[in-house]
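Me: Could you take a close look at one part of this model for me, the place where the aromatic rings pair up? I'd like the packing around it too, so start there and work outwards.

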Amino acid sequence: MSEQSKTAYQPPKLPAVKSITFDHVRAALLAGWQDFLKAPIYGLVFGGFYVVGGLLIWAGLMLYNMPWMIIPVAIGFPLVGPFVAVGLYEVSRRLLDGKPLIWREIFLLILGQRERQLGWMAFVVLFIFWVWIYQIRLLLALFLGFKSFSSIGEFVSVITTTPEGIGFLIVGTLVGAGIAFVLYASTVVAMPLLMDRDIDFVSAIIVSFKSVLSNLVPMLGFALIVGVLTTIAMVPAFLGLLIVLPVLGHATWHLYGQVVETST
């Protein structure tokens, strides 16, 4: 590389990360709920993708006689949530800017993300989700052999009443928590940032990690709220996701605006 090329190259300027408290998290959740109430049909449609996806996963596991796998898969299923929530980010942005909500424009924007850096983030999300599923199968083989379970009840009984099952539960929880943290820290700010600004996905991940680590307690608090609410929402045949995930998607956009300087 020539000296002129070295001089000409300028690293991307990353947006500044701000400090937040639990008050900002609470305000973001409230704003997310208000956005859902302002445009419920959009929230229900995008939330419907989660419900349909969850039911298809359940049907597939039943088809392959693996109903017990629905528990670890369902726990990991919301990990892909930030990518699907792009449409909700745009709805919140339009509501905040006072712009009209037009289905065609919103869906065109979502489809247009394939040609931007957000498409690369999809690979990151799906890869980590694949790692999530693989580590479950690996730990099952290590602790419980290649045993198959005929029902969810049998699976729960084994992992909660046997030494091997409890070992699997402890190690699996620790490993899973690490994977979940990496994915959360990689995406919680990166996804809305990539939609809001013209920035590469690596820089967006850096900003996202910095946002989480600089505001560790409130950002982990938000992650805990997301985890608890989505888990509860999945109990009645995933139907609770119709409301919970749109609200959380809107809230994530507002939290992004609290922790990072937005383009507007």
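Reply: Here is the ring cluster, followed by its setting and then the helices further along the chain.

A couple of ground rules before the details. This is a predicted model, so local features are kept at pLDDT of at least 70 and side-chain atom pairs at pLDDT 80 or more, while totals for chains, interfaces and linings take in all residues. Numbering starts from 1 along each chain as its sequence is written, and side-chain values rest on heavy atoms, with hydrogens and water left out.

The backdrop is helical: the protein has 14 helices and zero strands (DSSP runs, H or I of at least four residues for a helix and E of at least two for a strand, numbered from the N terminus). Of its 264 residues, 44% count as buried (buried is under 20% relative accessible area, exposed is over 50% and partly exposed is in between, with a 1.4 Å probe and protein chains only). Among contacts between residues at least 6 apart in sequence, 77% join residues at least 24 apart (a contact is heavy atoms within 4.5 Å).

Now the rings. The count comes to seven aromatic pairs, taking rings of Phe, Tyr and Trp (its six-membered ring) with centres within 6.5 Å; planes under 30 degrees apart are stacked, over 60 edge-to-face, and the rest tilted. One of these is Tyr-42 with Trp-103, a stacked pair at 3.9 Å centre to centre and 20° between the planes. Tyr-42 sits in helix α3 and Trp-103 in helix α7 (residues 103-112), so this pair ties together parts that are 61 residues apart in sequence. The two partners sit in unlike surroundings: Tyr-42 is buried, at a relative accessible area of 7%, whereas Trp-103 is partly exposed, at 30%.

Phe-46 and Phe-49 make a tilted pair, 6.3 Å centre to centre with 35° between the planes. Here both residues belong to α3, three residues apart, or about one turn of the helix. Phe-46 is buried because its relative accessible area is just 2%, while Phe-49 is partly exposed at 46%. Put together, ring pairs link Tyr-42, Phe-46, Phe-49, Trp-103 and Phe-107 into a cluster.

Staying on α3 (residues 40-63), have a look at Leu-44, which is in that helix as well. Leu-44 counts as partly exposed, with 36% relative accessibility. Setting aside residues up to four places away in sequence, Leu-44 touches Phe-36 and Leu-242. There is a long-range neighbour too: Val-244 is 200 residues away in sequence, yet its C-alpha lies 9.7 Å from that of Leu-44.

Arg-94 in helix α6 (residues 86-97) is another residue to click on. At 9% relative accessibility, Arg-94 counts as buried. Beyond its neighbours within four places in sequence, Arg-94 contacts Lys-99, Pro-100, Leu-101, Ile-102, Glu-105 and Ile-106.

Moving outwards, α2 (residues 22-38) meets α13 (residues 216-234): their axes come within 8 Å and cross at roughly 35°. The axes are lines fitted to C-alpha atoms over the stretch in contact, with angles running from 0 to 180 degrees between N-to-C directions. On the α2 side Phe-22, Val-25 and Leu-29 are involved, and they meet Val-217, Pro-218, Gly-221, Phe-222 and Ile-225 of α13. By class, that contact has seven nonpolar residues, one polar and no charged (Ala, Val, Leu, Ile, Met, Phe, Trp, Tyr, Cys and Pro are nonpolar, Asp, Glu, Lys and Arg charged, and the others, Gly among them, polar). Several of the α13 residues there are buried, including Pro-218, Gly-221 and Phe-222.

The 19 residues of α13 should span 27 Å at 1.5 Å a residue, and its end C-alpha atoms are 27 Å apart, which agrees (the expected span is 1.5 Å times one less than the number of residues). In α12 (residues 201-214), 14 residues should span 20 Å, and the end C-alpha atoms are indeed 20 Å apart. The buried residues of α12 include Ser-203, Ala-204, Ile-205 and Val-207, and their cover includes α8, α10 (163-187), α11 (190-196), α13 and α14 (241-259).

As for α8 (residues 118-144), its 27 residues reach 39 Å from first C-alpha to last, close to the 39 Å expected. Just after α8, Gly-145 takes a positive phi of about 70°.
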